[in-house]
Amino acid sequence: MKKNLKETKTVLVVEDDQPLLAVIKMKLEKEGMHVITSRSVDRVFSIEIEKNAANKITMSSVELSLKHLNDLDRIDAVWLDHNLLGSENGLDFVIKFKDNGGHWEKIPIFVVSNTADPELVQKYAAAQVPNYYVKAEHTLESIVNDIKNVLLGEKK
Amino acid sequence: MKPRADDTSQPYSDRELQGLKELKTARASILKNLQDTEEESQNNLQKTAIDEAVLESIGDGLVVMDKLGIITYVNPALERMVGWTLDEIVGNSIVDTLILEKEKGEKVSYNEEILSKVLAGGIVVADLTNPFYHVRKDKSTFPISTTVSPILLAGEIIGAVMTFRDITKEKEIDKAKTEFVSLASHQLRTPLSTINWYTEMLLAGDVGKLSDKQDTYLREIYRGSQRMVSLVNALLSVSRMDLGTFVLEPEPTDFVRLIQTIIREQQFHIERKKIIVTTSFQDSLPLIHADGKLLSMVVQNILSNAVKYTPDNGTIDLTLTLIPSANTLRLKIKDTGYGIPLAQQEQIFTKLFRADNVREKETEGTGLGLYIAKTIIDNSEGRLWFESEENKGTTFYLELPAFSDQVTTKHKV
């Protein structure tokens, strides 16, 4: 039973495993969502403008950074893995993300992790992230549906 | 009575001669006795020397105590292990001297857990899976495996012998093994999710319609992958139990509802095998004090075993009753299945064990389910046991403490 979202919603997917990231993106897009991805915490918050070989800023890199900024501003939900590339993990992300205050604090975050460690689940719950999924135990569809339902509910 | 030298004729009367003869015999027998005693004491000395050498040279620590638990002997290995010398502790009560703790730091009560059992003729054993920890003189601790056996003299228990083996190394190896299992299992989850999620998308037709054959094949792949997920989950549960990182969060739980949910989850398999499941729940049962998630795992394990190992058209009866005297709830799950062979009943809760008769019939099964179930229940102040007869069926019993005051409402079955 497919429910349609009235307007395109943007989901940020933070996941370090390339093949998983690809399939999550595919599924979310299939459900009509706009997806932005990152494999590390740094990349999400980085607005650094890339330079070309001649160490010059190019128009396209500026556009890319602006687009990223624009995307960041439009995030409606976050799909978050715990273990990520780089030194920071999902919990670090949550802290940085919520630190922005305002509407950022209210954006729903869905942690989809490898471990079912109750201590970790507790830590996320304490950081106001109650949606915790253990990867291998859920179908992609069930998690995507949960995200959709939350986004739909928010509309009411 | 010296014979006179000048008297060559018969110097003694018959009576005197007779007396002399008796004296001679007596002397000989005394001499013989003395000799025997000396030989015996020689033998004893030798025996003692051997015993001492044995006691001194064995690597395991050894404590001998009397009926009251007063230490009468410790060997050098024990002295080295615990940091006390023989002179310091002989005559002391073992209860105050050789302090033992359990895994989580609670004190082992000698009187309740060791002495009373041994003095009743039993043997107490602690080993790698369930060791004691000894608190040294300097308060540091180390894991020991131990056996405590009674000393019998003419059928009467006069004391006990306790052996100490330092199993620090074994424990470390065991921990490393468990950590490896835990790590490996976690790492397995990522590729499993990749397989599952991509297969799921293919099956959903998200990337185009599949032919019937492709669909069938993919479903088999998916099922295999799901089995792998269950195995990884079971291995992770076991490693968490072995590492002692399994956290139980008991709360008032509605046992009836929990059982009903699990039956519903198994409905597909129950119907496929045309098994008749009946339930009988006593009215107004109190809630139980248990970790709902883990208890679900236990009941799920027992029920799915019953379904798996009961031939088509069999029956499974679930009965839940309150035992008021013990303030516990007892769940009885009775099947008409293959049963557990008598010779293997003792091993049924052992990690990775599967009984021969079911191994021949079902390839699926990890041999971890009942181990997990038993560990959870043992840690929940509950009891789990069974009765079984091959080719007749198995009945599992599960008892858990009731949570007083709160009563569940009537349940519709």
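**Exercise 1.** In which hand of crossing, left-handed or right-handed, does α8(B) pass α9(B)? Describe the packing of this helix pair.

*Solution.* The model is predicted.

Step 1. Two packed helices are described by the angle between their axes and the distance between the axes. For helix α8 (residues 255-272) and helix α9 (residues 292-308) of chain B, the angle is about 35° and the axes are 10 Å apart.

Step 2. The crossing of α8(B) past α9(B) is right-handed.

Step 3. On the side of α8(B), the contact is made by B:L258, B:I259, B:I262, B:I263, B:Q266, B:H269 and B:I270. On the side of α9(B), the contributors include B:L295, B:V299, B:L303 and B:V307.

Step 4. By class, the residues of this contact are nine nonpolar, six polar and no charged.

**Exercise 2.** Determine how α7(B) packs against α11(B), and why α11(B) is described as largely enclosed.

*Solution.*

Step 1. The axes of α7(B) and helix α11 (residues 369-378) of chain B lie 10 Å apart, at an angle of about 40°. Their crossing is left-handed.

Step 2. From α7(B), the residues making the contact are B:A234, B:S237, B:V238 and B:M241; from α11(B), they are B:G369, B:Y371, B:I372 and B:T375. Five of the residues in this contact are nonpolar, three are polar and none is charged.

Step 3. Among the buried residues of α11(B) are B:L370, B:A373, B:K374, B:I376 and B:I377. Nine of the ten residues of α11(B) are buried, so the helix is largely enclosed by the rest of the structure.

**Exercise 3.** Identify the elements of chain B that touch chain A, and classify the residues on that side.

*Solution.*

Step 1. Chain B and chain A each give 16 residues to the contact.

Step 2. On the side of chain B, two or more residues come from each of α6 (168-203) and α7 (212-243). The largest share, eleven residues, belongs to α6(B).

Step 3. This side of chain B has eight nonpolar, five polar and three charged residues.

**Exercise 4.** Is B:D356 buried or exposed? Locate its surroundings.

*Solution.*

Step 1. B:D356 belongs to helix α10 (residues 356-359) of chain B.

Step 2. A residue is exposed if 12 or fewer other C-beta atoms lie within 10 Å of its own. B:D356 has 10 C-beta neighbours inside 10 Å and therefore counts as exposed.

Step 3. Leaving aside residues up to four places away in sequence, B:D356 touches B:P341 and B:Q344. B:Q344 is twelve residues from B:D356 along the chain, and their C-alpha atoms are separated by 8.4 Å.

Conventions. Residues are numbered from 1 along each chain as its sequence is written. Chains are lettered from A and ligands numbered from 1 in the order in which they are written. This is a predicted model: local features need pLDDT of at least 70, side-chain atom pairs count only at pLDDT 80 or more; totals for chains, interfaces and linings use all residues. Axes are lines fitted to C-alpha atoms, for helices over the stretch in contact, and angles run from 0 to 180 degrees between N-to-C directions. Helices (H or I, at least four residues) and strands (E, at least two) are DSSP runs, numbered from the N terminus. A crossing is left-handed if the near helix is turned anticlockwise from the far one by less than a right angle, and right-handed if clockwise. Two residues are in contact if their C-beta atoms, placed from the backbone, lie within 7 Å. Ala, Val, Leu, Ile, Met, Phe, Trp, Tyr, Cys and Pro count as nonpolar, Asp, Glu, Lys and Arg as charged, and the others, Gly among them, as polar. A residue is buried if 20 or more other C-beta atoms lie within 10 Å of its own, exposed if 12 or fewer, and partly exposed in between; C-beta atoms are placed from the backbone.
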